[in-house]
Amino acid sequence: SNKIKNAKLVLLGDAGTGKSSLVLRYVKGQFVEFQESTIGAAFFSQAVAVNDETVKFEIWDTAGQERYHSLAPMYYRGAAAAVIVYDITNLATFARAKKWVQELQAQGSPNTIMALAGNKADLLEARQVSAQEAETYANENGLFFMETSAKTAINVTDIFYETAKRLIQA
Ligand code: GDP
Ligand code: MG
């Protein structure tokens, strides 16, 4: 059929969890140790083929700081997908991720596909959030879950690909 589907995707989560790094890894295949913090939001586009269809992601990488919170609805409203990111080495970022999920459930579009990314999965020795706990939370709240690493590239393409697959099935 060769259908093309444009899909707005927003990344949400605390500052420092690795949202920009995930996008940089996904779109450019790169990683930098000292990623500059995002001001407001940054935009990227990336096409992904799923079988005979193409999803063109319009990716909004948000800043995450509390002072930008009032801008977030501009990015998640009308979003086909949201990737909510926490840092597996920082329990507070997991709590913040849950807040984002609640906000999306209350204010977002009901059909938004939600993915939960436990990022920095390369830093196992500093882990504060178990994969089991996050998986259980995701299952109970209608998200799909993957641990990712923008540094090693583990599961980065995969989480976007799985999102695209679910968008096409929706
Ligand atoms: P953002 O504020 O959520 O956009 O986070 P950044 O992408 O700016 O990343 C914050 C810091 O964490 C930077 O120093 C990154 O290099 C680092 N970082 C991001 N992802 C990973 C990862 O998967 N593993 C490790 N070890 N560091 C990461
Ligand atoms: Mg950023």
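What follows is a chat between a visitor and a guide about a predicted model of a protein.

Visitor: Let's start with the metal. What makes Ser20 and Thr38 the protein donors of the magnesium ion (ligand 2)?

Guide: Distance does. A donor has to be an N, O or S atom within 2.8 Å of the metal. Ser20 (OG) and Thr38 (OG1) lie 2.1 Å from the magnesium ion, so they pass that cut-off.

Visitor: Where do Ser20 and Thr38 sit along the chain?

Guide: They are 18 residues apart, and the pair links distant parts of the chain. Ser20 belongs to helix 1 (residues 19-28), while Thr38 is in the loop between helix 1 and strand 2 (41-50). Both residues are buried, too.

Visitor: What makes you say that helix 1 is mostly covered?

Guide: Count the buried residues: eight of its ten. They are Lys19, Ser20, Ser21, Leu22, Val23, Leu24, Arg25 and Tyr26.

Visitor: And what covers the buried residues of helix 1?

Guide: The cover includes strand 1, strand 2, strand 3, strand 4, strand 5 and helix 5. Just after helix 1 comes Gly29, with a positive phi of about 70°.

Visitor: Which residues have a positive phi although they are not glycines?

Guide: Asn51 is one, at about 55°, and Lys120 is another, at about 70°. Asn51 is in the loop between strand 2 and strand 3 (53-62). Lys120 is in the loop between strand 5 (113-119) and helix 4 (131-140).

Visitor: Why is Asn51 called exposed?

Guide: Exposed means over 50% relative accessible area. Asn51 has 73%, so it counts as exposed.

Visitor: Then why does Lys120 count as partly exposed?

Guide: Its relative accessibility is 24%. Buried would need under 20% and exposed over 50%, so Lys120 falls in between.

Visitor: How do you know that Thr17 is buried?

Guide: Thr17 has a relative accessible area of 0%. The limit for buried is under 20%, so Thr17 qualifies. You'll find Thr17 in the loop between strand 1 and helix 1.

Visitor: What does Thr17 touch?

Guide: Leaving out residues up to four places away in sequence, Thr17 touches Val85, Tyr86, Asp87, Thr93, Asn119 and Lys120. The side chain of Thr17 also reaches the backbone oxygen of Asp14 at 2.8 Å. A polar contact needs two N or O atoms within 3.5 Å, so that distance fits.

Visitor: Which residues lie nearest the centre of the largest pocket?

Guide: Gly16, Thr17, Gly18, Ser21 and Lys120, out of 25 that line it. The volume of this pocket is about 390 Å³. Helix 1 and strand 3 each give two or more residues to the lining, and the largest share, three residues, comes from helix 1.

Visitor: How many cavities of 30 Å³ or more turn up?

Guide: A search of the whole structure finds one. About 80 Å³ of space lies in the largest cavity. It is lined by 13 residues, and the closest to its centre are Thr62, Ala63, Gly64, Tyr68 and Ala72.

Visitor: What makes up the largest nonpolar core?

Guide: It has 25 residues, and those with the most contacts inside it are Leu9, Phe57, Ile59, Val83, Ile159 and Phe160. Among the elements that give it two or more residues are strand 1 (4-12), strand 4 (81-87), strand 6 (144-147) and helix 5 (156-169). Helix 5 gives the largest share, five residues.

Visitor: What is Phe160 in contact with?

Guide: Setting aside neighbours within four places in sequence, Phe160 is in contact with Leu9, Leu22, Tyr26, Phe57 and Ile59. There is also a second, separate core of 23 residues, including Ala79, Val129, Tyr137 and Ala138.

Visitor: One last stop: is Gly78 buried or exposed?

Guide: Gly78 has a relative accessible area of 56%. The mark for exposed is over 50%, so Gly78 is exposed. It lies in the loop between helix 2 (72-76) and strand 4.

Visitor: And which residues does Gly78 touch?

Guide: Not counting residues up to four places away in sequence, Gly78 touches Lys8 and Ser109. The C-alpha atoms of Gly78 and Tyr26 are separated by 22 Å, and these two residues are 52 apart along the chain.

Definitions and conventions
Residues are numbered from 1 along each chain as its sequence is written. Chains are lettered from A and ligands numbered from 1 in the order in which they are written. Side-chain values use heavy atoms; hydrogens and water are left out. Donors are N, O and S atoms within 2.8 Å of the metal (3.2 Å for Na, K and Ca); water is not among the atoms, so sites may look incomplete. Helices (H or I, at least four residues) and strands (E, at least two) are DSSP runs, numbered from the N terminus. Buried means under 20% relative accessible area, exposed over 50%, partly exposed in between (1.4 Å probe, protein chains only). A nonpolar core is a set of buried Ala, Val, Leu, Ile, Met, Phe, Trp, Tyr and Cys residues joined through side-chain atoms within 4.5 Å. Contact means heavy atoms within 4.5 Å. A polar contact is a pair of N or O atoms within 3.5 Å; within protein, one must be able to donate a hydrogen and the other to accept it, and residues adjacent in sequence count only if both atoms are side-chain atoms. On a 1 Å grid over the protein atoms alone, a cavity is a set of points where a 1.4 Å probe fits but cannot get out, and a pocket is an open set with protein on both sides within 12 Å along at least five of seven lines; lining residues have an atom within 4 Å of a point. Grid points are joined across faces, edges and corners, and a volume is the space filled by probe spheres set on the points.
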